[in-house]
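Visitor: Before we begin, could you show me the sequence and the model that we are going to discuss?
Guide: Here they are, and the questions can follow.

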Amino acid sequence: MLNLFQLVLQIAVILVAARVVGFLFQKINQPQVMGEMVAGILLGPSLLGWVAPGMSAALFPPASLGYLNALSQVGLVVFMFVVGLALNPTELHDYGHAAVLTSHVSIVAPFCFGGLTALYLYPRLSDDSVTFTGFALFMGAAMSITAFPVLARILSERGLLRSRVGTLAIACAAVDDVTGWCILAYIVVLVRVTHAARPAWVTIAGSLVYVALMLFVVRRFLPAFERSFRRHGRLSDNIVAVIVVLVLASALATEWLGIHLLFGAFLMGAIMPKSHEFTSYLLHKFESVTVVLLLPLFFAFTGLRTRIGVGGGAAIWFYSAIVIVVAITGKLGGSMLAARLAGTPWRDAASLGILMNTRGLMELVILNIGLDIGVISPAMFSIMVLMALVTTFMTTPLLEWVYPSRLLRAEVEDLAEKSVA
Amino acid sequence: MLLVGLPVLGLFGILEVGRSLAAPLSIGGEWTLEFDPAANCGGPARLRQPALNISQSGTSALIALNDGRATTIDASIDGSTVAAKSLTATITGKQGQRVLEGKMDFDGCAPVAFRAVRQAPAKKRGE
């Protein structure tokens, strides 16, 4: 039964922890979202459950977590719509050969490295309810993802959005995310059809019909929202409600088909009209509640499922080290090498590799899906969460080292002068 | 072409090699327990069904007893044997119809024989 007092208390504690740790992380030049992710981990068995198990059990009893999960899932549905909305993969065409090559290699190289790691980890951290193909593909997808929203925030906070590296990174990350989610949808279908009562062909054919409907039917009606926005300078509450209902309907369709709620929300965002004013308005409308209230709940729920360093002994730390090294080598190394081979200067290529290595929040979303469908074990989940934290944390200091702020400012000013001239 | 094509080919090779790998037997999920009725011990009566909730990560497992005290036991899986401080069992049956048979220790009793049947494979582990 719902204990409302406990749920409200949980939300309050999570929000305070997220804001405080987020503020502390900002003090060390990390994005706020990095601190919020860490706050979630600190509230789970990795810290609170370890140092104060009594308090942890009283505050987050297992029976109460269903409600927290439900709220965080609703938040994620809206958040994935926002991510889809912010994406504009057509921008890639503007950045030429370097962007096309880097975005492809930054998916394929870590994917391959992930598969290679799976050869070692499958007999140690998986079980026979999961096929090697499912495990390896999931590892590949999880290694190749880039956190588009976190990346955008890091670039914005450092004033890098209009730099050469920044625009290239955003374009590559957009392509990475779209590709990554398509691959993940395939993996979810692959894993779920082996357990589902529904025949595989229904899921596959249904998914194709759904995507076709979204791209060729629903998409044709969406510019009407943009026209209304242009006419009135805002969207009425009724129109915003219609957009929310469309997001929920799309999410429900993909869940019913056996893919996942989040894919539907993401696709709805991706097919929305992409004019800058319209997307900025919608982002502003949806982001505040999602980012301030609901995402910290997701981080906390993720943290409650993560057991960094609890159980497993030295072997788990060894596996974690392998995963972190492989993830960095595949993503950072692959992107950097591809950009360099496409003629990008070394400093820019290295910066691009560092930025593409940011996994952050999107990695946590994917890992939670993996744990939900049973393709990764709880220990593998914790290792990958640690990897996501490390790769996100290292972005800002490494970027400062490779591309100091004074050089960046000079480059941005130079570009601005050239555009004025 | 080379930068993308070669890793893709490599991935196919990896998937082919990986097919021959064997992972530990799956025991994750909720289990109902039946104890030897001849056992003269009060311990089993404290357990409510499903009596075991197993969270598995490869060859390690965390067994949570549904005894109202949230007792957990660390276990290891070696082939078809599950071994823990107060439990030893053998895994039998195919994936999806798995059975655990063995002995469990309770305070003040001789080890009690049990047979456990999995309710459903662990589709949502970690929940």
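**Salt bridges and the build of chain B**

Guide: B:Glu101 has a relative accessible area of 36% and is therefore partly exposed. Please keep in mind throughout that this is a predicted model.

Visitor: With which side chain does B:Glu101 meet in a salt bridge?
Guide: B:Glu101 lies in strand 7 of chain B, and its partner, 14 residues apart, lies in strand 8 (residues 112-121), so that the pair links distant parts of the chain. The partner is partly exposed as well, at 35% relative accessibility. The N to O distance is 3.6 Å, and the side chain that B:Glu101 meets is that of B:Arg115.

Visitor: How many salt bridges are there over all chains?
Guide: Side chains of opposite charge can pair when their charged atoms come close. A pair is counted when a side-chain nitrogen of Lys or Arg is within 4 Å of a carboxyl oxygen of Asp or Glu. By this rule the count over all chains comes to 7.

Visitor: Which residue of chain B is joined to A:Asp128 by a salt bridge?
Guide: This pair crosses between chains, with A:Asp128 placed in the loop between helix 6 (96-125) and helix 7 (132-144) of chain A, and its partner in the loop between strand 6 (87-92) and strand 7 (99-104) of chain B. A:Asp128 is partly exposed, with a relative accessible area of 26%. The two side chains meet at 3.0 Å, N to O, and the residue of chain B is B:Arg98.

Visitor: Is B:Arg98 buried or exposed?
Guide: The cut-off that decides this is a relative accessible area under 20% for buried and over 50% for exposed. B:Arg98 has a relative accessibility of 4%, and therefore counts as buried.

Visitor: What separates A:Glu226 and A:Arg230 along helix 11?
Guide: These two residues form a salt bridge, in which the closest N and O atoms are 3.3 Å apart. A:Glu226 is buried at a relative accessible area of 14%, whereas A:Arg230 counts as exposed at 52% relative accessibility. Because they are 4 residues apart in helix 11 (residues 223-232) of chain A, their separation is about one helical turn.

Visitor: Why is chain B described as more spread out than a compact globule?
Guide: Chain B has 1 helix and 8 strands, and along the sequence these follow the pattern α-β-β-β-β-β-β-β-β. For its 127 residues the globule rule gives 14 Å, and chain B is more spread out than a compact globule because its radius of gyration is well over that, at 19 Å. The C-alpha trace, along its principal axes, spans about 70 × 25 × 25 Å.

Visitor: What share of the 127 residues in chain B is buried?
Guide: The accessible surface of chain B comes to about 7,000 Å², and carbon and sulfur atoms hold 55% of it. Of the 127 residues, the buried share is 38%.

Visitor: How far apart are the mean positions of the positive and negative charges of chain B?
Guide: The comparison takes in 13 positive and 11 negative charges. Their mean positions are separated by 5 Å.

Visitor: What distance separates the C-alpha atoms of A:Leu252 and A:Gly264?
Guide: A:Leu252 is found in helix 12 (residues 237-257) of chain A, and at 55% relative accessibility A:Leu252 counts as exposed. A:Gly264 is 12 residues apart from A:Leu252 along the chain, and the C-alpha separation is 7.2 Å.

How values were computed
Residues are numbered from 1 along each chain as its sequence is written. Chains are lettered from A and ligands numbered from 1 in the order in which they are written. This is a predicted model: local features need pLDDT of at least 70, side-chain atom pairs count only at pLDDT 80 or more; totals for chains, interfaces and linings use all residues. Side-chain values use heavy atoms; hydrogens and water are left out. Helices (H or I, at least four residues) and strands (E, at least two) are DSSP runs, numbered from the N terminus. The radius of gyration is taken over C-alpha atoms; the globule rule is 2.2 Å times the number of residues to the power 0.38. Buried means under 20% relative accessible area, exposed over 50%, partly exposed in between (1.4 Å probe, protein chains only). Accessible areas come from the Shrake-Rupley method with a 1.4 Å probe; for residues, only the protein chains shown count as cover. Lys and Arg count as positive and Asp and Glu as negative; His and the chain ends are not counted. The place of a charge is taken as NZ of Lys, CZ of Arg, CG of Asp or CD of Glu.
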